[in-house]
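Let us take a walk through this structure together, one part at a time. Have the sequence and the 3D view at hand as you read.

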Amino acid sequence: MKKIAIIGTAGIPANYGGFETLAAHLVNKLNNKLDISVYCSGKRYGKKDRKKTYDGARLIYLPFSANGLQSIVYDCISILHALLYADVLLVLGVPGGFILPFVRLFTRKKIIVSIDGIEWKRNKWSKLARWYLWAAEWVAVKSAHANIADNESIQDYTAIRYGSLSNVIEYGADHTQNVKPSTQQHIQYPFLSSGYAIKVCRIEPENNVQMVLETFVDLKRYPLVLIGNWSNSEYGRSLKEQYGNAQNVHLLNPIYDQNEIDMLRSNATVYIHGHSAGGTNPSLVEAMSLALPVISFDVSYNRTTTENNALYFKNKEELSSIVRKNDKKQLASIGDTMKEIAQRRYTWDIISDKYAYLIRAVSERAHYYLKPEIAKSLPLDMLIKQGISHLHSPAFFYEKRNSK
Amino acid sequence: MTNELVTITIGLAGAFIAGLLLLPMLINFSMRFGFTDAPNHRKLHKKPIPVIGGIAVILISCCSALLSSDIRLFVLHNRVIAIALLTLGIVGILDDKIGLSAKVRFLIQLASSFAIAYAGTRIQSLYGFLGIGVLPLFAQYALTIILVTGITNSFNLMDGIDGLAGVVASVNIFILATIAIANQFYILALVLAVILGSLLAFIKFNWSPAKTFMGDAGSLFLGFVMSVIAIKLINETFITDSNASSYNPLVTLFTACFMIPVIDTLRVFAMRIRYGRSPFIADKTHLHHKLIQHFMIHKSATKKIGLLHISIIVFTLVAQHTLNTSIIIILQALIVLSYTSILNFAQSYSRWYREIKRMENSN
């Protein structure tokens with residue numbers, strides 16, 4: 001059996017976090033076909049929580065944090081350790097990017113890199129961190145045998161910047177299920193008896209938390225439930241103080257019990273998705289899988305994830321008008337469409353199949369077939385002769401023309 | 001010694017005041033005599049600007065010779081340099097007015113550098129750079145001509161944004177004057193003080209938004225003065241008659257003074273050749289162009305280059321005690337090159353940042 005090392009996640013069993021959930025489900029589905037080792041952060045799992053294996057995968061603990069500045073060391077050491085036994089390195093995230101050219105140069109190991117959302121543009125990182133990630137992403141994509149984008153819009157980006165054809169593999173969502181609330185939960189959460197909008201996210205400016213809060217506080221009649229890590233940051237604490245007292249706004253702390261959060265989500269009327277970054281957001285695909293009508297922030301990633309079938313807003317006014325419209329038939333139809341898309345694209349079976357196929361492709365094909373690249377230039381005279389000279393400009397390949 | 005310092009200060013102040021009075025007059029005259037620089041796609045200004053800064057500096061320097069017998073004596077002693085300077089000044093003025101071909105300017109620069117080399121002001125040794133000491137005569141001539149012409153031309157290219165040429169030249173001339181005073185060359189210091197005074201007045205009018213440029217006259221004059229005086233000072237100080245190849249701390253100091261324009265020019269030439277263009281055809285790839293592209297303001301760019309200039313000089317003064325000449329000179333070049341590289345990196349990053357934002361919002 002092929003030996004795989006999954007590098008760059010905080011580890012399994014997963015608490016939250018897209019990569020961690022991904023690793024957990026990959027291990028779950030593929031442990032009979034592949035020999036998987038997962039690197040875990042010693043900072044996340046204390047000495048007593050550590051196990052030698054989980055769900056058939058070997059766990060290796062490193063005494064570094066998987067996020068922040070230590071992630072560079074964490075990724076690099078994981079990669080170096082994996083060279084001892086693995087055939088394929090699945091590197092999730094690019095902090096360890098600068099070590100990959102050496103791996104490519106001196107070993108015969110196959111490297112698959114997942115770019116994550118476009119980390120280097122996120123203002124939550126410092127300027128130096130963003131420069132580092134921007135350069136590391138370039139190095140990682142150029143050295144890897146294959147790269148994974150979790151969204152087609154990111155595939156467009158890598159096509160333009162690197163000329164490489166990314167493999168689009170998103171996230172699965174069918175670990176969520178519709179749950180009816182118990183009587184006890186009805187008492188605990190009184191808003192369950194009426195309709196409400198729900199939003200689940202990390203409390204960060206790029207998730208447009210303030211915009212959503214402001215809109216609903218103004219609307220007064222429509223209840224909003226926002227689940228996120230309010231006390232983790234100054235931003236969260238000040239928002240909670242400012243908006244927490246409104247009648248129709250319920251700010252909840254993070255809920256780790258899958259059943260409970262599924263229950264809260266499945267009984268909502270609409271799902272508000274404010275993310276402006278990060279490719280395909282796991283929270284969005286999970287909402288789609290629960291057949292929730294989605295009102296999403298208008299950015300290319302969200303449109304691609306929902307296949308342009310949801311309702312979109314760019315600012316407070318648009319969100320407000322969409323919420324007030326409250327057309328039950330339209331919302332029901334959107335919910336059905338979301339469910340259909342999620343069942344077709346965002347199930348863990350499909351996702352893990354894609355991963356398994358990619359791992360096999362990377363291991364078996366000869367190295368010069370491995371990285372599909374986009375032709376950089378087509379000779380103009382040939383194009384003119386064929387009557388397709390408009391294809392001379394790469395813009396026609398990469399930019400979408402809105403056909404609707 | 002105090003007497004001389006007082007004279008020097010008077011020279012500085014006098015030249016400064018003369019400049020403050022003369023420059024506005026010249027600016028008014030320039031329109032009539034056609035001494036303006038018209039904007040084009042490549043240049044960074046929008047209205048035609050008078051290019052009389054250099055003329056002012058030259059005029060004030062000449063007048064100082066009329067006023068002071070000491071300076072007249074100095075000029076007499078250094079006839080060749082003075083004549084070369086005057087020639088270059090006139091060529092520069094002609095170039096600003098009617099535009100001479102680059103070949104003619106180049107030839108005259110070569111001739112001037114040859115003349116001063118023949119008259120004795122030559123780079124005689126590399127003072128330990130790469131282990132080389134005294135040079136054979138032919139190499140002395142060749143190196144002097146190349147360096148003087150090169151520095152004069154690179155300095156010419158610095159007159160691209162407001163305040164830049166003035167600031168760099170002032171720092172350099174100040175350093176030259178200080179070394180001159182330290183070695184008791186008081187007349188030389190006086191001459192430099194006069195030039196510095198008029199230059200400071202010019203900077204006032206060249207600071208953003210500029211009311212005048214230095215012009216080819218000024219940059220030829222100043223570039224030549226700086227490089228020739230630097231060579232003279234190296235030759236006439238620290239002389240131990242037996243061993244002209246011994247360590248000379250002025251060498252690294254002066255390379256620090258000229259490193260930015262020289263390296264920038266070499267880099268731009270190399271890039272142009274690499275992309276198949278002629279190195280003499282102008283484009284917007286100089287360091288100050290890149291800074292303007294990134295920060296959008298002349299004042300910012302000038303301050304940053306000024307800061308880099310002073311940093312390199314400070315670094316040299318500090319490092320002289322521990323590192324040897326070759327390493328310092330190489331490090332100076334690397335500092336300038338890495339500054340440009342980091343700037344390029346930051347620009348690429350910003351471009352991609354804007355591009356990704358555009359892609360995200362366009363569906």
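What follows goes from the domains to their sheets, then to the cores and the contact between chains.

Please keep in mind that this is a predicted model. A good place to begin is chain A, which is divided into domain 1 (3-172 + 349-369) and domain 2 (183-344). Taken over C-alpha atoms, the centres of domain 1 and domain 2 of chain A are separated by 29 Å. Where the two meet, domain 1 of chain A brings 17 residues to the contact and domain 2 of chain A brings 13 residues. On the domain 1 side, the elements that give two or more residues are helix 1 and helix 5 (152-162) of chain A. Helix 5 of chain A gives the most to that side, with three residues. By class, the residues on the domain 1 side divide into four nonpolar, seven polar and six charged.

Now look for the sheet of eight strands in chain A. This sheet is open, its strands follow the order 3-4-2-1-5-6-7-8, and the pairing is mixed. Strand 3 (53-54) and strand 8 (167-168) of chain A stand at the edges with a single partner strand each, so one side of each has no neighbour in the sheet. At the strand 8 edge, strand 7 (residues 146-149) of chain A pairs with strand 8 of chain A in the parallel sense, over two bridges. Here A:Ala149 is found opposite A:Val168. Helix 5 of chain A, which you met at the domain contact, packs on the sheet and touches strand 7 and strand 8 of chain A; its direction makes about 140° with that of strand 7 of chain A. Another helix to find is helix 2 (residues 70-82) of chain A, which lies across strand 1 (3-7), strand 2 (35-41), strand 4 (57-62) and strand 5 (88-92) of chain A. Helix 2 of chain A runs at about 170° to strand 1 of chain A.

Chain A also has an open sheet of six strands, in the order 11-10-9-12-13-14, with parallel pairing. Which strands stand at the edges here? They are strand 11 (249-252) and strand 14 (311-313) of chain A; each has a single partner strand, so one side of each is left without a neighbour in the sheet. On average, neighbouring strands of this sheet are turned by 20° against each other, direction ignored.

Strand 12 (residues 270-273) of chain A is a helpful guide to this sheet. Two bridges join strand 12 of chain A to strand 9 of chain A, and the two run parallel; A:Tyr271 is the bridge partner of A:Ile198. Strand 12 of chain A also pairs with strand 13 (residues 294-297) of chain A, in the parallel sense and over three bridges. In that pairing A:Ile272 stands opposite A:Ile295. In a regular strand, side chains alternate between the two faces of the sheet. In strand 12 of chain A, both faces are covered: A:Val270 and A:Ile272 on one side, and A:Tyr271 and A:His273 on the other, are all buried.

Two helices complete this part of the tour. Helix 12 (residues 316-325) of chain A lies across strand 9 (197-200), strand 13 and strand 14 of chain A, at about 150° to strand 14 of chain A. Helix 10 (residues 282-289) of chain A has eight of its eight residues buried, so it is largely enclosed by the rest of the structure. Among these buried residues are A:Leu284, A:Glu286 and A:Met288. Just after helix 10 of chain A, A:Ala291 takes a positive phi of about 60°.

Next, turn to the interior. The largest nonpolar core has 105 residues, and those with the most contacts inside it include A:Ile6, A:Val38, A:Leu89 and A:Val294. Helix 1 (residues 18-30) of chain A supplies the largest share of this core, six residues. Domain 1 and domain 2 of chain A both give residues to this core, so it lies between them. Apart from it lies another core, of 94 residues, among them B:Ala15, B:Ile71, B:Val167 and B:Phe213.

Finally, where do the chains touch? Eight residues of chain B are in contact with twelve residues of chain A. On the chain B side, the classes are five nonpolar, two polar and one charged.

Definitions and conventions:
Residues numbered from 1 in each chain as written. Chains lettered and ligands numbered in written order. Predicted model: local features only at pLDDT ≥ 70, side-chain atom pairs only at ≥ 80, totals over all residues. Pairing = 2+ DSSP bridges. Helix = DSSP H or I, 4+ residues; strand = E, 2+ residues; numbered from the N terminus. Axes fitted to C-alpha atoms, helices over the stretch in contact; angles between N-to-C directions. Contact = placed C-beta atoms within 7 Å. Nonpolar A, V, L, I, M, F, W, Y, C, P; charged D, E, K, R; others polar. Core = buried A, V, L, I, M, F, W, Y, C linked by C-beta atoms within 7 Å. Buried ≥ 20, exposed ≤ 12 C-beta atoms within 10 Å, placed from the backbone. Domains from an automatic or database assignment.
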